[in-house]
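The following note collects comments on the model shown below. The points are numbered for ease of reply.

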Amino acid sequence: MTAIKGLEGIVATTSSISSIVDGVLTYRGYDIDDLAEHATFEETAFLLWFGKLPTAAELQVLQRDLSAFAPVPEQVIAQMKLYPKDASTMAALRSAVSSLALYDESADDMSREANRIKAVKLQAQIPTLVAALSRIRKGLEPVAPKEGVSIAENFLYMLRGQDPDEISVKALDTALVLHADHELNASTFAGRVTVATLSDIYSGVTSAIGALKGPLHGGANEAVMKMLEEIGGIESVEPYVRGKLERREKIMGFGHRVYKNGDPRAKHLMKMSRELGTMKGNTELYEMSVKIEELITGEKGLRPNVDFYSASVYTQLGIERELFTPIFAISRTSGWTAHILEQYEDNRLIRPRAEYTGLLEQTYVPVDER
Ligand SMILES: CC(=O)SCCNC(=O)CCNC(=O)[C@H](O)C(C)(C)COP(=O)(O)OP(=O)(O)OC[C@H]1O[C@@H](n2cnc3c(N)ncnc32)[C@H](O)[C@@H]1OP(=O)(O)O
Ligand SMILES: O=C([O-])CC(=O)C(=O)O
């Protein structure tokens, strides 16, 4: 038995949800470029869950269900108010999502219909939790979700307590489409491993949130923003990046396990970053990001991944850094739950083997003789 560290290149399951072939990402056969340009996040979530784009009537039903499910149990809000104010938002979100299960009587109902409803419910409630966590951290009361608006619009409304502008809603909606699914990434794999024991969907999504939090995965978008803040201005980019390269430190937001010639989502976020900066009359974050990319690609051949330009996009939308990875979780809930539903449909326990490298032939020695 020879271990493949990080399971690199191992094909661990079949899936008909999303694919990456020759650097092209598709959801259910639709190119991400096509979806980013034309689809809403709600259409994308439907596509991931049910394998086809919704008709107008199906979309209306989904939007109605998402609105109906968006309020979260008041007990969960009360618990969130007790969380330490300096806890990371992802750690708080992990706890809050786990708590949701305690107040859902159908949490352990493993029927296909119940699990489909819970997927929609989680998608509706996670944005409410993230917005509430942000306000609670600031000492503000959470704002109840609005009926009849998109997830992107509702999220920005719940964050600020006022209606967002159309450009911000559109930009966030596109970012949600771009982050919705990504084949067998670490958090999706974690979610699938969890439910392959026939554990419930809340446990699967809680596991996935834990995996997304790490800086080698979704947590990289917050790390990118920290780096931009540390750099401070365009004139400091070059010495900062060269210093990091000399010390052989990782530059967050670059590199990818699967894409070696560039992440197809990055160009959309780069364009959004440029457009938002131009619109707001301040392109410094965009220009700093472009300069970092030129240096890293030039020196190391590494290309930006989805997390790199999303940092400047969210900042230009006026969103605080602590919410970047939770926003990734809002979007990826669609992909996680689609994969969880797929796992239940044709389940087999996921239990690989380990190559043992420890001691051999040890003999027990009583404690007082050691
Ligand atoms: C949504 C997402 O999860 S996208 C990924 C988000 N994560 C990040 O942006 C964190 C920074 N990037 C990384 O750490 C890595 O590129 C990963 C974790 C994404 C992929 O890792 P792996 O597939 O294991 O690649 P691996 O770490 O083996 O990298 C190959 C080589 O490139 C180097 N490298 C990879 N990424 C980076 C980086 N961001 N900065 C500097 N060097 C890097 C590695 O040090 C390694 O060099 P070596 O061969 O001289 O040791
Ligand atoms: O696929 C991966 O390894 C990470 C990634 O880009 C994602 O989850 O979007």
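1. In this predicted model, the shell around ligand 1 is made up of seven nonpolar, seven polar and four charged residues. The shell comprises 18 residues, and the closest of them are A220, K250, F254, G255 and R257.

2. Ligand 2 has its own set of surrounding residues: H182, N185, R257, V258, N305 and V306. By class, these divide into two nonpolar, three polar and one charged. R257 deserves attention here, since R257 is listed among the closest residues to ligand 1 and also belongs to the surroundings of ligand 2.

3. Which positions does UniProt list under "active site"? The unreviewed entry gives H256 and D307. Although these positions are spread over 52 residues of sequence, they cluster in space, with a largest C-alpha distance of 10.5 Å. The annotation may be inferred rather than shown by experiment, and it should be cited as coming from the record.

4. H256 lies in the loop that runs between α12 (237–246) and α13 (266–280). Is H256 buried or partly exposed? H256 counts as partly exposed because 19 C-beta neighbours fall inside 10 Å, whereas a buried residue needs 20 or more. Leaving aside neighbours within four places in sequence, the contacts of H256 are D263 and N305. Of these, N305 is also one of the residues surrounding ligand 2.

5. D307 is located in helix α15, which covers residues 306–316. With 29 C-beta neighbours inside 10 Å, D307 is therefore classed as buried. Once residues up to four places away in sequence are set aside, D307 touches A220, N221, V224 and G253. A220 in turn is one of the closest residues to ligand 1.

6. The two annotated positions should be described separately in any text on burial: D307 counts as buried, while H256 counts as partly exposed. Their settings should likewise be stated individually, with D307 in helix α15 and H256 in a loop.

7. A further position to describe is A96, placed in helix α5 (residues 89–100). A96 is buried because 25 other C-beta atoms lie within 10 Å. Beyond residues up to four places away in sequence, A96 touches V76, M80, L129 and L133. How far apart are A96 and Q79 in space? Their C-alpha atoms are 8.1 Å apart, and the two residues are separated by 17 residues in sequence.

Key:
Residues numbered from 1 in each chain as written. Chains lettered and ligands numbered in written order. Predicted model: local features only at pLDDT ≥ 70, side-chain atom pairs only at ≥ 80, totals over all residues. Near = placed C-beta within 6 Å. Nonpolar A, V, L, I, M, F, W, Y, C, P; charged D, E, K, R; others polar. Helix = DSSP H or I, 4+ residues; strand = E, 2+ residues; numbered from the N terminus. Buried ≥ 20, exposed ≤ 12 C-beta atoms within 10 Å, placed from the backbone. Contact = placed C-beta atoms within 7 Å.
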